[in-house]
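Thanks for making time this morning. I would like to walk through one chain with you, going from its contacts to its sheet and then to its cores.

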Amino acid sequence: ALLGALVLTGLAGAGGTYLWARRELDAVFDYQLEQQALALRERLSGQTGVFVTEADERQQTVIQIWDWRGAQLYRSHRLLPLPRNDQFGFSTISALDERWRVYALDTGYQVIQVAQALRVRHAMAKRAALRILWPILGALPAFGLLVWWLVGRGLRPLAALATAIGRRDQRSLQPLPEHGLHAELQPMVAALNALLARLAAALERQREFTADAAHELRTPLTALGLQLQLLERAGSAADRDEAIAALRAGIARASALVAQLLALARLEADTLAGAAPVALADCVRTAAAELAPLARERAVALATDLDDAAIVSGHEAALHALVRNLLDNAIRYTSAGTPVTVRVRRAADGTVLLQVIDAGPGIPAAERDRVFDRF
């Protein structure tokens, strides 16, 4: 594209230079015609009669002189009898099957007419214009090679960067080196490194999730195996019913754990997206409605004190899961018949406070550092 633009602009510039040179040379040739006529006027000043001089057929202008009566006194080219032009000054006429540029001057005693064939003029102008253009046209290939070399040299770091990225395997998420790069490449490499860092964090979360899921599923699956063995060994109907009930409860716990794991995976995927404004009071109302049957079963009175103006920036599904887990724990571990209160308040500095108040045993001090760990 650069070379094409260079050629187009070079040709356009050369064409403009050619036309400008032709126009300027036409002005120079007109000036020469006028100066010849003025020089002849000075030589003929006060003279009368026939003006005699030796004609030179190599002369590119035709000079003719008439007296005040119209008799021709002089013609520089015997074979080029141009008609007398009654228009003084510059004019263009047609004579002898071609076009002529004519300058006529009235001295008071004679009429001096100097003419030049446009064919001759254009040929000289073309040669002069081409002499001006040759350096420009000759410089275009050299400039094109210089552009080719400079662009290739400028893109060499990009090619090296592409090669370095292409040699990496899918497990290599180390940041790309940013030193020694051109200023134009540094924003792109910084963006790539930020993307690699996000991918590395996402993969690390996946590995942690897989390890935690394997660890969490090992215990309930082992328990299910033991309960199945107890069912097989049951010698009486009562033992069999008890083993079936235990197995059913174990399956329910395992199903609940799998549902939690799936919800955790889905939430972690969703949190990769951008945050959005969330009304925390709506999350509390939804979670309280979902857990109302459990609260009635345990004779726990759910109370809410909510501020609808408490808006936070986050992920609605994750915040809903957070509120539901807090309420579920409060209902399950508070003393039967005691209330559980949920408060949402917006402070004067814009922060939002979520409180779940119950009469449960609380978290032991030694375990509070792990309160935000998985499971």
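Before anything else, a word on what I mean by contact, which is that heavy atoms lie within 4.5 Å. Please also keep in mind throughout that this is a predicted model.

With that cut-off, let me start at Leu327, which, if we leave aside neighbours within four places in sequence, is in contact with Ala287, Ala288, Leu291, Leu302, Val340, Val342 and Val356. Leu327 belongs to the largest nonpolar core, a set of 20 residues in which Val323 and Leu327 touch the most other members. The elements that contribute two or more residues to this core are helix 5, helix 6, which spans residues 316–333, and strand 9, at 339–346. Of these, helix 5 gives the most, with eight residues. There is also a second, separate core of 14 residues, and among its members are Leu25, Met124, Ala125 and Ala128.

Let me turn now to the sheet. Five strands form an open sheet in the order 2-1-5-4-3, with antiparallel pairing. Strand 2, residues 72–75, and strand 3 stand at the edges with a single partner strand each, so one side of each has no neighbour in the sheet. On average, and ignoring direction, neighbouring strands here are turned by 25 degrees against each other.

If we follow the strands one pair at a time, strand 3, residues 89–95, pairs with strand 4 in the antiparallel sense over seven bridges, and within that pairing Ser94 stands opposite Arg99 in strand 4. The hairpin of strand 3 and strand 4 has two residues between the strands, and Leu96 takes a positive phi there, near 55 degrees. Strand 4 is in turn joined by seven bridges to strand 5, residues 110–117, and these two strands run antiparallel. Here Trp100 stands opposite Ala117 in strand 5, while Arg101 stands opposite Gln116 in strand 5. Strand 4 and strand 5 also form a hairpin, with three residues between them, and Gly108 in the turn has a positive phi of about 100 degrees.

Two helices meet this sheet. Helix 1 lies across strand 1, strand 3, strand 4 and strand 5, and runs at about 150 degrees to strand 5. Helix 2 packs on the sheet as well, touching strand 3, strand 4 and strand 5, with a direction that makes about 55 degrees with that of strand 5.

That brings me to the charged side chains, and to a question I would put to the group: which parts of the chain does the pair of Asp30 and Arg101 tie together? Asp30 forms a salt bridge with Arg101, with the closest N and O atoms 3.1 Å apart. Because Asp30 lies in helix 1, residues 2–43, and Arg101 in strand 4, residues 98–106, this pair ties together parts that are 71 residues apart in sequence. Both Asp30 and Arg101 are buried.

Asp30 has another such partner, since its side chain also meets that of Arg121 in a salt bridge, at 2.9 Å from N to O. Arg121 lies in helix 2, residues 118–166, and Asp30 in helix 1, so this pair ties together parts that are 91 residues apart in sequence. The relative accessible area is 13% for Asp30, which is therefore buried, and 2% for Arg121, which is buried too.

Elsewhere, the side chains of Arg285 and Asp308 meet in a salt bridge, at 2.7 Å from N to O. This pair links distant parts of the chain, with Arg285 in helix 5, residues 280–297, and Asp308 in the loop between strand 7 and strand 8, 23 residues apart. Arg285 is partly exposed, with a relative accessible area of 38%. Returning to the earlier pairs, salt bridges that share partners join Asp30, Arg101 and Arg121 into one network. In total, the structure holds eleven salt bridges.

My last stop is Asp67, which lies in strand 1, residues 62–67, and is buried, with a relative accessible area of 9%. Its side chain reaches the backbone nitrogen of Gly70 at 2.8 Å, and a polar atom of that Asp67 side chain lies 2.7 Å from the backbone nitrogen of Ala71. Not counting residues up to four places away in sequence, Asp67 touches Leu73, Arg84, Tyr109 and Gln110.

Notes
Residues are numbered from 1 along each chain as its sequence is written. This is a predicted model: local features need pLDDT of at least 70, side-chain atom pairs count only at pLDDT 80 or more; totals for chains, interfaces and linings use all residues. Side-chain values use heavy atoms; hydrogens and water are left out. A salt bridge is a side-chain nitrogen of Lys or Arg within 4 Å of a carboxyl oxygen of Asp or Glu. Helices (H or I, at least four residues) and strands (E, at least two) are DSSP runs, numbered from the N terminus. Buried means under 20% relative accessible area, exposed over 50%, partly exposed in between (1.4 Å probe, protein chains only). Two strands pair if DSSP finds at least two bridges between them. A polar contact is a pair of N or O atoms within 3.5 Å; within protein, one must be able to donate a hydrogen and the other to accept it, and residues adjacent in sequence count only if both atoms are side-chain atoms. Axes are lines fitted to C-alpha atoms, for helices over the stretch in contact, and angles run from 0 to 180 degrees between N-to-C directions. A nonpolar core is a set of buried Ala, Val, Leu, Ile, Met, Phe, Trp, Tyr and Cys residues joined through side-chain atoms within 4.5 Å.
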